[in-house]
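Dear colleague,

I am passing on the structure below, together with some notes on what turned up when I went through it. Please read them with the coordinates open beside you.

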Amino acid sequence: MTTNSRLLFCSKDMHKFMEANELSTVEQLFEIPIDKLVLRPDFPYRLLHEWVMLRDKFNLLWEN
């Protein structure tokens with residue numbers, strides 16, 4: 001599910017960030033702690049809201 005979910009849930013900008021950092025799944029994206037993520041020079045701050053929204057959606061899906 002997490003492999004294909006990247007294509008369904010992520011914006012083009014998030015896709016570009018994930019590809020640039022060789023992250024093939026959303027799960028791998030969430031393995032990076034948020035405090036480390038925002039310190040990366042290639043992480044655009046405009047994606048912070050999307051990252052939080054995706055994390056919350058996936059947490060909800062995993063719980064149910």
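Phe17 and Phe43 are both buried, and in this predicted model they also face one another as an aromatic pair, one of 3 such pairs in the count. Their ring centres lie 5.1 Å apart with the planes at 80°, so the arrangement is edge-to-face. The pair joins distant parts of the chain, since Phe17 sits in helix α2 whereas Phe43 belongs to the loop between α4 (34-37) and α5 (48-63), 26 residues apart.

A second pair is made by Phe30 and Trp51, whose ring centres are 5.6 Å apart and whose planes stand at 80°, so this pair is edge-to-face as well. Phe30 is part of helix α3 and Trp51 of helix α5, so the contact ties together parts that are 21 residues apart in sequence. The two partners should be described with some care as regards burial: Trp51, at 3% relative accessibility, counts as buried, while Phe30, at 22%, counts as partly exposed, because the buried class ends at 20%. Together with Phe58, Phe30 and Trp51 form one aromatic cluster.

Turning to the nonpolar interior, the largest core has 15 residues, and those with the most contacts inside it are Met14, Phe17 and Leu29. The elements that contribute two or more residues to this core are α2, α3 and α5. For Phe17, once the neighbours within four places in sequence are left aside, the contacts are with Leu23, Leu29, Leu37, Arg40, Asp42, Phe43, Pro44 and Leu47, so that Phe43, the ring partner described above, appears in this list alongside Leu29 of the core.

The loop between α2 (12-20) and α3 (26-30) holds two further residues that you may wish to look at, Glu22 and Thr25. Most residues other than glycine have a negative phi. Glu22, however, has a positive phi, near 55°, and at 73% relative accessibility this residue counts as exposed. Thr25, by contrast, counts as buried at 12% relative accessibility, and the side chain of Thr25 reaches the backbone nitrogen of Gln28 at 3.1 Å.

With best wishes

Terms used: Residues are numbered from 1 along each chain as its sequence is written. This is a predicted model: local features need pLDDT of at least 70, side-chain atom pairs count only at pLDDT 80 or more; totals for chains, interfaces and linings use all residues. Side-chain values use heavy atoms; hydrogens and water are left out. Helices (H or I, at least four residues) and strands (E, at least two) are DSSP runs, numbered from the N terminus. Buried means under 20% relative accessible area, exposed over 50%, partly exposed in between (1.4 Å probe, protein chains only). A polar contact is a pair of N or O atoms within 3.5 Å; within protein, one must be able to donate a hydrogen and the other to accept it, and residues adjacent in sequence count only if both atoms are side-chain atoms. Rings of Phe, Tyr and Trp (its six-membered ring) pair if their centres lie within 6.5 Å; planes under 30 degrees apart count as stacked, over 60 as edge-to-face and the rest as tilted. A nonpolar core is a set of buried Ala, Val, Leu, Ile, Met, Phe, Trp, Tyr and Cys residues joined through side-chain atoms within 4.5 Å. Contact means heavy atoms within 4.5 Å.
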